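Hi,

Here is the structure I promised to pass on to you. Have a look at it first, and then read my notes below.

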Amino acid sequence: MTEVTATDARQRLAELIDDARRSGEPIRVTRRGRPIAVILDAATYERLIEDADDATDRAELRVVRADDEFVPWDEVKADLGLT
């Protein structure tokens with residue numbers, strides 16, 4: 001992963017955005033050697049958000065199934081008269 005200082009990022013923002021878009025690789029922005037931000041292309045960002053949402057949904061489903069509160073979709077549809 002490429003790493004740039006906040007000062008450098010401020011001066012070269014347009015170039016860094018183009019680099020991230022072109023390569024698909026994130027660029028880490030640091031201040032005093034510590035990461036403070038990441039520049040990502042939009043497709044990578046959207047994929048990360050979708051993956052996080054999917055992981056959250058799977059975790060919630062595991063909890064519901066473990067609590068025996070899970071109701072199969074076919075049963076829900078029948079209860080609602082959708083079958």
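Let's begin with helix α3, which covers residues 42-66. With 25 residues at 1.5 Å a residue, this helix should span 36 Å, and its end C-alpha atoms are indeed 36 Å apart, so the expected span and the model agree. Please keep in mind that this is a predicted model. Just after α3 you will find Asp-68, which takes a positive phi of about 60°.

A little further on is Phe-70, in the loop between α3 and α4 (73-79). Is Phe-70 buried or exposed, or something in between? Its relative accessibility is 37%, and because the partly exposed class runs between 20% and 50%, Phe-70 counts as partly exposed. Together with Leu-61 and Val-64, Phe-70 forms a nonpolar patch on the surface, and the three have about 210 Å² of accessible area together.

Now for the inside. In soluble globular proteins, nonpolar side chains tend to be buried together. Which residues make up the largest nonpolar core here? There are 8 of them: Val-4, Ala-6, Ala-9, Leu-16, Ala-20, Ile-27, Val-29 and Ile-39. The elements giving two or more residues to this core are α1 (6-11), α2 and β2. To trace some of the contacts, start from Leu-16: leaving aside residues up to four places away in sequence, Leu-16 touches Val-4, Ala-9, Ile-27 and Ile-39.

Strand β2 also holds Thr-30. Thr-30 has a relative accessible area of 6%, so this residue is buried. Not counting residues up to four places away in sequence, its contacts are Glu-3, Val-4, Thr-5, Ala-6, Pro-35 and Ile-36.

Next, look at the loops on either side of β2. Glu-25 sits in the loop between α2 (13-23) and β2 (27-31). Glu-25 is partly exposed, with a relative accessible area of 46%. Beyond residues up to four places away in sequence, Glu-25 touches two members of the core, Ala-20 and Ile-39. The C-alpha atoms of Glu-25 and Asp-41 are separated by 7.8 Å, although these residues are 16 residues apart along the chain.

In the loop between β2 and β3 (34-39) is Arg-32. What is the phi of Arg-32? Its value is near 55°, which is positive, in a residue other than glycine. Arg-32 counts as exposed, at 80% relative accessibility.

Happy exploring!

Best wishes

How values were computed:
Residues are numbered from 1 along each chain as its sequence is written. This is a predicted model: local features need pLDDT of at least 70, side-chain atom pairs count only at pLDDT 80 or more; totals for chains, interfaces and linings use all residues. Side-chain values use heavy atoms; hydrogens and water are left out. Helices (H or I, at least four residues) and strands (E, at least two) are DSSP runs, numbered from the N terminus. The expected span of a helix is 1.5 Å times one less than its number of residues. Buried means under 20% relative accessible area, exposed over 50%, partly exposed in between (1.4 Å probe, protein chains only). Contact means heavy atoms within 4.5 Å. Patches are made of residues with over 30% relative accessible area and no salt bridge: like charges are joined within 9 Å, nonpolar side chains (Val, Leu, Ile, Met, Phe, Trp, Tyr) within 5 Å. Accessible areas come from the Shrake-Rupley method with a 1.4 Å probe; for residues, only the protein chains shown count as cover. A salt bridge is a side-chain nitrogen of Lys or Arg within 4 Å of a carboxyl oxygen of Asp or Glu. A nonpolar core is a set of buried Ala, Val, Leu, Ile, Met, Phe, Trp, Tyr and Cys residues joined through side-chain atoms within 4.5 Å.
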